[in-house]
Structures are given as C-alpha cells and as structure tokens.
Amino acid sequence: QLRAVERQWVRGRGSHEEEAPARREILDGVYDGALRYVDERLAEVAAHLERRGLWDRTLFVVVGDHGED
C-alpha cells in the first residue's frame, strides 16, 4: 500500500495539500531515500568505469522522466 501512495506522491508531488503533515514527512523521506539510492548506484557505476580505465573515454548520460502521461 505504501508503494501505491509513494507512486501517487511522486506523480503529483506537492499537490496533496490535504495530506497530514506526518504523512507528508514520511513520503518526503521515501522520495529522498529513492533519490539517494539512485545517486549511490550511479556513483558505483562511475567508480567502476574509472577503475577499469574507461571513464575518460565514456560519455555518461543520465536522463530522467517525471513519469507524466
């Protein structure tokens, strides 16, 4: 159930003015945690490329989609 709420929050981030402050704080934490997780994984990829001597010959492109239909 939290995943469904999380998806709704990410899709309409900031549009849930009626949400209780405690719930908003939880959902903000979930969102921030997801961003931190992705950031850490990308750092691992970059470090791996650097260790293998491929970083200087690599174009590292990160593209995001806000999930809007």
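This is a short walk through the structure shown above, as told at a group meeting.

Okay, so before anything else: what we have here is a predicted model. The protein chain has 69 residues, and 13% of them count as buried. In terms of secondary structure, you get two helices and zero strands. As for the surface, the chain exposes about 6,000 Å², with carbon and sulfur atoms supplying 51% of that.

Let me start with helix 2, which runs over residues 21-51. How far apart should its ends be, at 1.5 Å a residue? For the 31 residues of helix 2 the expected span is 45 Å, and the end C-alpha atoms do sit 45 Å apart, so the two values agree. Which of its residues are buried? Those would be Leu27, Ala46 and Leu49. And if you keep going past helix 2, you run into Gly53, which has a positive phi, near 75°.

Now, charges. The structure holds two salt bridges, and Arg41 is the residue to click on here. Arg41 bridges to Glu40, with 3.9 Å between the closest N and O atoms. That one squeaks in, because the cut-off for a salt bridge is 4 Å. Arg41 also meets Glu44 in a salt bridge, this time at 2.8 Å from N to O. How far apart in helix 2 are Arg41 and Glu44? They are three residues apart, about one turn of the helix. Put together, Glu40, Arg41 and Glu44 make up a network of salt bridges.

Are these three buried or exposed? Somewhere in between, really. Arg41 has 29% relative accessibility, so it counts as partly exposed. Glu40 comes out at 37%, also partly exposed, and Glu44 is partly exposed too, at 46%. For reference, buried would need under 20% and exposed over 50%.

On to the nonpolar side of things. There's a nonpolar surface patch of about 330 Å², and the residues making it are Val45, Trp55, Phe60 and Val62. Val45 is the helix 2 residue I'd point out, and its relative accessible area is 40%, so Val45 is partly exposed. Trp55 counts as partly exposed with 32% relative accessibility, and for Phe60 the value is 32% as well, so again partly exposed.

Two of those patch residues come up again when you look at the rings. How many aromatic pairs does a search of the whole structure find? Just one. The pair is Trp55 with Phe60: the ring centres are 5.5 Å apart and the planes meet at 55°, so we call it tilted. Why not edge-to-face? Because that label needs planes over 60 degrees apart, and this pair is at 55°.

So, to recap while you rotate the thing: look for helix 2 with Leu27, Ala46 and Leu49 buried, the salt-bridge network of Glu40, Arg41 and Glu44, and the nonpolar patch that includes Trp55 and Phe60. That's my bit.

Definitions and conventions
Residues are numbered from 1 along each chain as its sequence is written. This is a predicted model: local features need pLDDT of at least 70, side-chain atom pairs count only at pLDDT 80 or more; totals for chains, interfaces and linings use all residues. Side-chain values use heavy atoms; hydrogens and water are left out. Helices (H or I, at least four residues) and strands (E, at least two) are DSSP runs, numbered from the N terminus. Buried means under 20% relative accessible area, exposed over 50%, partly exposed in between (1.4 Å probe, protein chains only). Accessible areas come from the Shrake-Rupley method with a 1.4 Å probe; for residues, only the protein chains shown count as cover. Patches are made of residues with over 30% relative accessible area and no salt bridge: like charges are joined within 9 Å, nonpolar side chains (Val, Leu, Ile, Met, Phe, Trp, Tyr) within 5 Å. A salt bridge is a side-chain nitrogen of Lys or Arg within 4 Å of a carboxyl oxygen of Asp or Glu. The expected span of a helix is 1.5 Å times one less than its number of residues. Rings of Phe, Tyr and Trp (its six-membered ring) pair if their centres lie within 6.5 Å; planes under 30 degrees apart count as stacked, over 60 as edge-to-face and the rest as tilted.
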